[in-house]
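Good morning, colleagues. Please take a moment with the sequence and the model as they appear on the screen.

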Amino acid sequence: MGLSFDPDTVSLPVGHFIGGELIAAEGAIEMRRPSDGKAYAASPVADVDMVDRAVASAKAALKASNWGGVRPRERTKALQAWADLIEAEAEALAKIEALCSTRPVGQLVAGDIAITAEQIRFFAEFADKEGSELVPTDDSSLGMIMSEPYGVVGAITPWNFPISMAGWKLGPALAAGNAVVLKPSEMTPFSAVYMAQLALRAGLPAGLVNVVLGDGPTTGTALTGHSEIAKVSFTGSTRAGSAIMENVARTGVKPMTLELGGKSPQIVFADADLDKAATAIAGSVTFNAGQACVAGTRLIAEKSVADRLTATILEKMKAARPGPTWDDATQYSPIISERQRARVDGIVRAAVEAGGECLTGGHTMDGPGYFYEPTLITDVDQANPAIVEEIFGPVLTVQTFETEEEALALSTHPTYGLASGLFTADLSRTIRFARKLEAGTVWVNRYSRSRDHILPTGGYKRSGIGKDLGREAYLANRRSKSVLISL
C-alpha cells in the first residue's frame, strides 16, 4: 500500500502542548506548503507568559514524578514504549511532517521516523548504564563524582529535519532525567506537538515534554533567557546560534549545546572508487535539496579525474525525481520557502558574476512549489560567494588539486568545520587527513550518518559547541558534583 495522500485532508495539532494538554492558540504566522506554495495553516506564537507556563509545567512534572530520581530502568522502559508508539504511528506522523516540510513522505517513514525511534531506544539504554563513580583517594576518605540531571532543558530545533531533530534533543535529555520545553521551527511545528502527544500516551509523566510554538525573536528569546531553564540545546544557523549565546550571556549563565552551520568539503583522490564517490556526492547535494547542515557542497577533486568524476555526478544529480512531499515516489524536495529559494538563487547568481560557471542548474524550476534545479558550479576560487556562504540549497561547487597540501588548503574554511568527506583507497592518507581535516566529522568513502547513533556530531569553529548523538549527548544532559567524605 502506497503512502501518498491528499494534503487537504490532514488534521494538524495546532497549539502549544503544555502539562499534557493541547492548548489552542490563535495562529499568527501564515504557513505555506513548500510543495505547492498554498497557505494551509497559521502557527501561534508563545509569548513570555506562555513560555513561563511551559517551564513551570516542566518543573512541576519533575517534582511530582521524581523522573530524575526513579529507578533508571523505569526511564528506559518509558522511552522504549515511546519509541514503539512512534513507529506504530509512523504513517500519521509522516503525513503531518510531509505536509509542512521538505521531507517526502516515503523517505520519512523509511528514514527519519524509523531512525528517530532507534535513537530514542539508544539513549534510553544509557539511563541505567551511565552514572556516578568512585575515584581514588587515601584510606581516610571516600571520593565520588556524582552525576545528576540539570532539571529543565530548553531545546530549539530547525525546519529541515523536524522529527529527527526533535528526537536528537528529547531522547538524551529525557533519558538523563530532565524535563524539556521544546520550541520547533515556526515553519514546521506540528510533528513535534504530535510526538509530545505520543510521549504522553506512552506513559511519560504529563508535563515532562512541553512544546511551545513560535518564532525566534519572541518565543526563542523567552525560552533561552528564562531563569529556570538550566541548559539550552539548539540546532540551526550560525547567526541564530550567536544570537542565543548573546541572549544567554545577557540573562544569566548556563551550559549550551549548539549545532550550527556548515560548508563541508568532499575530497576525492584519483585512486578512489569514482562511481561510489559520485553517488555519495550527488546524493549529499540532492538529499532534501541540499537543506542539511552537513551537506557536502564543496567538491575538491584531484585534477586528473575531475572531469570524469564531475560528468558522473552531473548525471546522478539530474536523475533525482522532483515532486510534492505527499507523493511517495518523490525523490527530490522543494526548498522550504520562497524567501529561502530567492536566497539560494541570489548566491548562485553572485557566484557566476564572480567568475563561476554553471554546468547545470542555476534556476528556479517551473511549476508550483519552491523547487530549485540541482546546480553545479565550476571555476570558483576561495573568495567566491558559493564557497564562502552556506547556501542551504542543492548547489555543488567544484575545485581541483594536484597535491595533498593543495587539497587540505582548499578544504579548510575560515568559518565552518562541521563535516567532511574523503574518498581514497590509501589507508595511510586516510589517517593523515582524518587528523588534519578541521571538521567534527570525517566520513571516508561514504557521506552519511546512517544508523551509527554512537558517533557524536558537532562542529569546529563557528559550526558549534558540544555534541549531539553518541554518549557525549547523554553526558551533556547531566552535570557532575564532586563529593569527598572523611571516614
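I shall begin with the chain as a whole and then turn to one helix, several salt bridges and a surface patch.

Please note at the outset that this is a predicted model. The chain has 487 residues, and 57% of them count as buried. Its secondary structure comes to 15 helices and 22 strands. Along the principal axes, the C-alpha trace spans about 70 × 65 × 45 Å. How does the radius of gyration compare with that of a compact globule? For 487 residues the globule would have a value near 23 Å, and the chain has 23 Å, so the two agree.

Turning to annotation, an unreviewed UniProt entry carries the record "domain: Aldehyde dehydrogenase" for residues 27-481. That span is 42% helix and 19% strand, and its end C-alpha atoms lie 44 Å apart.

Let me now consider helix H5, residues 162-175. With 14 residues at 1.5 Å a residue, the helix should span 20 Å. The end C-alpha atoms of H5 are indeed 20 Å apart, in agreement with that expectation. Is H5 mostly covered or mostly uncovered? H5 is mostly covered, with 14 of its 14 residues buried. Just after the helix comes Gly177, whose phi is positive, at about 100 degrees.

H5 also leads us to the salt bridges. Lys169 forms one with Asp468, and the closest N and O atoms are 3.3 Å apart. This pair links distant parts of the chain: Lys169 belongs to helix H5, whereas Asp468 sits in the loop between strand E21 (464-465) and helix H15 (470-475), 299 residues apart. Both partners, Lys169 and Asp468, are buried.

For a second pair, consider Asp128 and Arg73, which form a salt bridge with their closest N and O atoms 3.0 Å apart. Here too distant parts of the chain are linked, 55 residues apart: Asp128 is in the loop between helix H4 (105-124) and strand E5 (133-135), and Arg73 is in helix H2 (residues 72-88). As for exposure, Asp128 has 31% relative accessibility and therefore counts as partly exposed. Arg73, with a relative accessible area of 28%, is partly exposed.

The third pair is Glu438 with Lys461, a salt bridge in which the closest N and O atoms are 2.7 Å apart. Because Glu438 lies in the loop between helix H14 (427-436) and strand E19 (441-444) and Lys461 in strand E20 (residues 460-461), the pair ties together parts that are 23 residues apart in sequence. Glu438 is partly exposed, at 37% relative accessibility. Lys461 is partly exposed, at 36%.

How many salt bridges are there in the count? The count comes to 32. Some residues are joined in a network: Asp8, Arg33, Asp36 and Lys38 are linked by salt bridges.

Finally, I turn to the surface. A nonpolar patch is formed there by Leu134, Leu142, Ile485 and Leu487, with about 390 Å² of accessible area together. Of these residues, Leu487 lies in the segment after strand E22 (478-486). Why does Leu487 count as exposed? Its relative accessible area is 70%, and the cut-off for exposed is over 50%.

Thank you for your attention.

Note on methods:
Residues are numbered from 1 along each chain as its sequence is written. This is a predicted model: local features need pLDDT of at least 70, side-chain atom pairs count only at pLDDT 80 or more; totals for chains, interfaces and linings use all residues. Side-chain values use heavy atoms; hydrogens and water are left out. UniProt positions are given in the numbering used here, feature names are shortened, and annotations may be inferred rather than shown by experiment. Helices (H or I, at least four residues) and strands (E, at least two) are DSSP runs, numbered from the N terminus. Patches are made of residues with over 30% relative accessible area and no salt bridge: like charges are joined within 9 Å, nonpolar side chains (Val, Leu, Ile, Met, Phe, Trp, Tyr) within 5 Å. Accessible areas come from the Shrake-Rupley method with a 1.4 Å probe; for residues, only the protein chains shown count as cover. A salt bridge is a side-chain nitrogen of Lys or Arg within 4 Å of a carboxyl oxygen of Asp or Glu. Buried means under 20% relative accessible area, exposed over 50%, partly exposed in between (1.4 Å probe, protein chains only). The expected span of a helix is 1.5 Å times one less than its number of residues. The radius of gyration is taken over C-alpha atoms; the globule rule is 2.2 Å times the number of residues to the power 0.38.
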